[in-house]
Amino acid sequence: MPIPPAADFANLNWMWFRGGPRFDYPIDYGLAVLGARPAEGRIHFLGRWKAGAYCHFHRHVGDTTTLVLEGEHHVVDITEAGEHHRIRPAGHYAHSPAGDLHMEYAGPAGSLLLFSM
């Protein structure tokens, strides 16, 4: 079954986050919760980034599975050994363990991802 076009996601309850003068990188992304299983500690949501925009510097407190639905998505892992930059194209599926410290940002056309945490 094909993935519906982004327009089909317009009616979701999107929460948008934008940066301000205290950030030296552009922050412009939204999250839409699709469902949650509190008893299992799971949540499923979509994340949409504007072209070239970041989300806040963060780490995930639980295992995370992602699927890039549209665009390309950049992840910069921050470790004691330095930074590692990965580019994830549409269709890329990944599973990351809890605790990974990173930056994320969209490619030139923006990005849309499915998250399960």
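Here is a short walk through the structure, stop by stop, with something to select at each one.

Before you start, note that this is a predicted model, in which local features need pLDDT of at least 70 and side-chain atom pairs count only at pLDDT 80 or more, while totals for chains, interfaces and linings use all residues. Residues are numbered from 1 along each chain as its sequence is written, and side-chain values use heavy atoms, with hydrogens and water left out.

**Stop 1: strand E5 and its partners**

Select residues 64-79, which make up strand E5. Strands here (E, at least two residues) are DSSP runs, numbered from the N terminus, and two strands pair if DSSP finds at least two bridges between them. Which strands should you colour alongside E5? Begin with E8, residues 101-116: E5 and E8 run antiparallel and are joined by eleven bridges. To find your place on this pairing, pick glycine 71, which stands opposite serine 111 in E8.

Next, add E6, residues 82-89, which is antiparallel to E5 and joined to it by eight bridges. A hairpin of two residues connects E5 to E6. Zoom in on threonine 79 there, and you will find glycine 82 of E6 as its bridge partner.

Finally, show E7, residues 93-96, which pairs with E5 in the antiparallel sense over four bridges. Threonine 65 is a handy marker, with histidine 95 of E7 opposite.

**Stop 2: two residues to label**

Staying with E5, click on threonine 66, which is found in this strand. Is threonine 66 buried or exposed? Its relative accessible area is 5%, so threonine 66 is buried; the classes are buried under 20%, exposed over 50% and partly exposed in between, with a 1.4 Å probe and protein chains only. Draw a distance from its C-alpha to that of histidine 44, and you should read 9.8 Å for two residues 22 apart along the chain.

Now go to proline 108 in strand E8. Proline 108 is exposed, at 72% relative accessibility. Its C-alpha lies 8.0 Å from that of glycine 71, although 37 residues separate the two in sequence.

**Stop 3: the aromatic cluster**

Show Phe17, Tyr29, Phe45, Trp49 and Phe115 as sticks: together they form one aromatic cluster. Rings of Phe, Tyr and Trp (its six-membered ring) pair if their centres lie within 6.5 Å, and planes under 30 degrees apart count as stacked, over 60 as edge-to-face and the rest as tilted. The count by this rule is eight aromatic pairs. One of them joins tryptophan 49 and phenylalanine 115: the ring centres are 6.2 Å apart and the planes are at 40°, so this pair is tilted. Tryptophan 49 sits in strand E3 (residues 42-49) and phenylalanine 115 in E8, so the pair links distant parts of the chain, 66 residues apart. Both tryptophan 49 and phenylalanine 115 are buried.

Phenylalanine 17, another member of the cluster, lies in strand E1, residues 15-18. Phenylalanine 17 is partly exposed, at 31% relative accessible area.

**Stop 4: a charge over a ring**

Select lysine 50 and tryptophan 16. The charged end of lysine 50 sits over the ring of tryptophan 16, 5.2 Å from the ring centre. The rule asks for NZ of Lys or CZ of Arg within 6 Å of the ring centre and within 35 degrees of the ring normal.

**Stop 5: salt bridges**

Side chains of opposite charge can pair when their charged atoms come close. A salt bridge is a side-chain nitrogen of Lys or Arg within 4 Å of a carboxyl oxygen of Asp or Glu, and the count by this rule is four. Three are worth a visit:

- Arginine 86 and aspartate 77 meet at 2.5 Å, N to O; arginine 86 is partly exposed at 23%, whereas aspartate 77 is buried at 13%.
- Arginine 37 and glutamate 40 have their closest N and O atoms 3.5 Å apart; arginine 37 is partly exposed at 45% and glutamate 40 is exposed at 54%.
- Arginine 48 and glutamate 70 have their closest N and O atoms 3.8 Å apart. Arginine 48 lies in E3 and glutamate 70 in E5, so this pair ties together parts that are 22 residues apart in sequence. Glutamate 70 is partly exposed, at 26%.
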